[in-house]
Amino acid sequence: MKRLIQKLTEWFLLAVNVGSYNPALIISFAAMIIHRSLFWIVIFIGAIGLHFAVQITIDSAISIRNLKAAKREFLDVETGFSLKGVDDATFFNTKDFPHILDNRRKLKEIFGNAEFIEAQANTPWLFKAHPLRVFIASKDAGGIIGGAKAYVNPRGPSLVFLAKQPDLLNATQRFVLLHELEHVSVRGAAHLTFGYGCRIWGLVGILFICSAASSWIHWVAVTVYSVEWLLKCFYVMPIMREVIADNGALLKLANEHEQRMVGSDLVEVFRDHKQALRPVPPNPKVPSFRKSGELMWRINYLEGFLKRLSPAGAAPLYFYQMTSLRFGIPYFLLFVHLAYVTRQPSVWGLGVLLTSLAVFIVAAYQVTKNAIPVNRDVNDYPGQPASPSISADGIAVDKS
Ligand SMILES: [Zn+2]
């Protein structure tokens, strides 16, 4: 019984979370259950289709953008960097990359071993890619600013470049590396995808709600949702990405002493940085609103972390808990109410949903097609030692 309640709570929270990012999904799901009409079943399938088509498009677009930047900044000969592959087993934690490994395991189960091996030979990018590749990048003149740089790739190998051998890093430099690793983990990648995805899911959802609105309460609710949507997708989520990576990195440092030292160092660095952002006469450039917001949030978070420096006070953070639970339950009630009063969506609400679905099916196809060669190219980058954490069949050995 307790187990059942726990499961139901989990499902409810999942629906609340997903609904606050993608209203059309929850409205159509609730309407399908309430009205039990074929019409709503079709719309629900359309909403699921749109959800995944947007997700696939964004994942692939991110992977193309980041890998091209990594090539331009590090991998290409013209950059002048000499790269040495690091045995990524040092950093590889299967918990950080369950998606790629799980997918492979599942595909192997579905296909069977022989077909899996054949598929691996045909599409090495998809089946053999290391979820993580780490390089030491050195250059005669000027190395990596900040000591580490990461390129998250939700559709293949994520790349991390380090200025120094990992065992030569001091605590602050190790923090920078751990911060970057948090960005490339499955949590960081999901955060990025949802951050962009909710711009589209949310917009379609707002139009869909408008098309179904029938009382002044609906209009108030959709106004509140729209304001929060703008804030969440364009301001809070990009900032939270940094705060969450700081949190993940601080928690992975060796001990309280290191956490305190690195934490107070960072507060100082960020304060200086914030000061330097002010437009001074010879440099009238106005700093971005978001950058100074980011520094403010990171400073506040770090100060809080330093104050209650204990394992209990510094729990891991997850983006959906920070961005959707607060508003999630009232939205959920609104969406279910809308579903209840809407026997059939209006023609233009339907039009918005179906048009976006069509657009994103085409986009997902086009963008994914272009992502494959870029991923393959980067994955086949030479000079890599085989990682002992990946067994011969391409499935990681759990080292924990
Ligand atoms: Zn960062």
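Q: Which residues does Asn66 touch, leaving out those up to four places away in sequence?
A: This is a predicted model, and we can start inside one of its helices. Asn66 sits in helix α3, which covers residues 38-75. Leaving out residues up to four places away in sequence, its contacts are Tyr151, Val152 and Asn153.

Q: How far apart in space are Asn66 and Tyr151, C-alpha to C-alpha?
A: Tyr151 is one of the residues that Asn66 touches. In sequence the two are 85 residues apart. In space, C-alpha to C-alpha, the gap is 5.5 Å.

Q: Does Asn66 count as buried or exposed?
A: To be buried, a residue needs 20 or more other C-beta atoms within 10 Å of its own. Asn66 has 22 C-beta neighbours inside 10 Å, so it counts as buried.

Q: Why does Arg36 count as exposed?
A: Now for a loop residue: Arg36 lies between α2 (23-35) and α3. It isn't a glycine, yet it has a positive phi of about 45°. Most residues other than glycine have a negative phi. As for exposure, the cut-off is 12 or fewer C-beta atoms, and Arg36 is exposed because the number of other C-beta atoms within 10 Å is 9.

Q: What is the order of the strands in the open sheet?
A: The protein chain has 14 helices and four strands. The open sheet is made of four strands, and their pairing is mixed. Reading across it, the order is β1-β2-β4-β3.

Q: Which are the edge strands?
A: Look for strands that pair on one side only. In the order β1-β2-β4-β3, that description fits β1 (82-86) and β3.

Q: Which residue of β2 stands opposite Lys84?
A: Strand β1 runs antiparallel to β2 (residues 132-138), and five bridges join them. One bridge partner pair here is Gly85 with Phe135 of β2. Opposite Lys84 you'll find Ile136.

Q: Which residue in β4 is the bridge partner of Phe135?
A: Here the direction changes: β2 and β4 pair in the parallel sense, over five bridges. Follow Phe135 across to β4, and its partner is Phe161.

Q: How many residues lie between β3 and β4 in their hairpin?
A: Strands β3 (residues 148-151) and β4 (residues 158-162) run antiparallel, with four bridges joining them. Ala150, for one, has Val160 of β4 as its bridge partner. The two strands form a hairpin, and the number of residues between them is six.

Q: Which residues of β3 are buried on the side opposite Ala148 and Ala150?
A: In a regular strand the side chains alternate between the two faces of the sheet. Both faces of β3 are covered, with Ala148 and Ala150 buried on one side. On the other side, the buried residues are Lys149 and Tyr151.

Q: How many of the seven residues of β2 are buried?
A: Strand β2 pairs with β1 through five bridges and with β4 through five bridges. It is largely enclosed by the rest of the structure, because the buried residues among its seven number five.

Q: At about what angle does helix α7 run to β3?
A: Helix α7 takes in residues 171-184 and lies across β2, β3 and β4. Its angle to β3 is about 5°.

Q: Which helix gives the largest share of the largest nonpolar core?
A: In soluble globular proteins, nonpolar side chains tend to be buried together. The largest core here has 91 residues, and Ile27, Val160, Leu162, Phe335 and Leu353 touch the most other members. The largest share, 16 residues, comes from α3.

Q: Which residues does Leu162 touch, not counting those up to four places away in sequence?
A: Leu162 is among the core residues that touch the most other members. Not counting residues up to four places away in sequence, its contacts are Val134, Phe135, Ile136, Ala137, Ala148 and Leu177.

Q: How many residues in the contact of α9 with α11 are nonpolar?
A: Helices α9 (residues 216-252) and α11 (residues 289-307) pack at about 35°, with their axes 9 Å apart. The crossing is right-handed. Residues that meet there include Tyr235, Pro238 and Ile239 in α9 and Trp297, Tyr301 and Phe305 in α11. By type, the contact has five charged, one polar and, for nonpolar, nine.

Terms used: Residues are numbered from 1 along each chain as its sequence is written. This is a predicted model: local features need pLDDT of at least 70, side-chain atom pairs count only at pLDDT 80 or more; totals for chains, interfaces and linings use all residues. Two residues are in contact if their C-beta atoms, placed from the backbone, lie within 7 Å. Axes are lines fitted to C-alpha atoms, for helices over the stretch in contact, and angles run from 0 to 180 degrees between N-to-C directions. A crossing is left-handed if the near helix is turned anticlockwise from the far one by less than a right angle, and right-handed if clockwise. Ala, Val, Leu, Ile, Met, Phe, Trp, Tyr, Cys and Pro count as nonpolar, Asp, Glu, Lys and Arg as charged, and the others, Gly among them, as polar. Two strands pair if DSSP finds at least two bridges between them. A nonpolar core is a set of buried Ala, Val, Leu, Ile, Met, Phe, Trp, Tyr and Cys residues joined through C-beta atoms within 7 Å.
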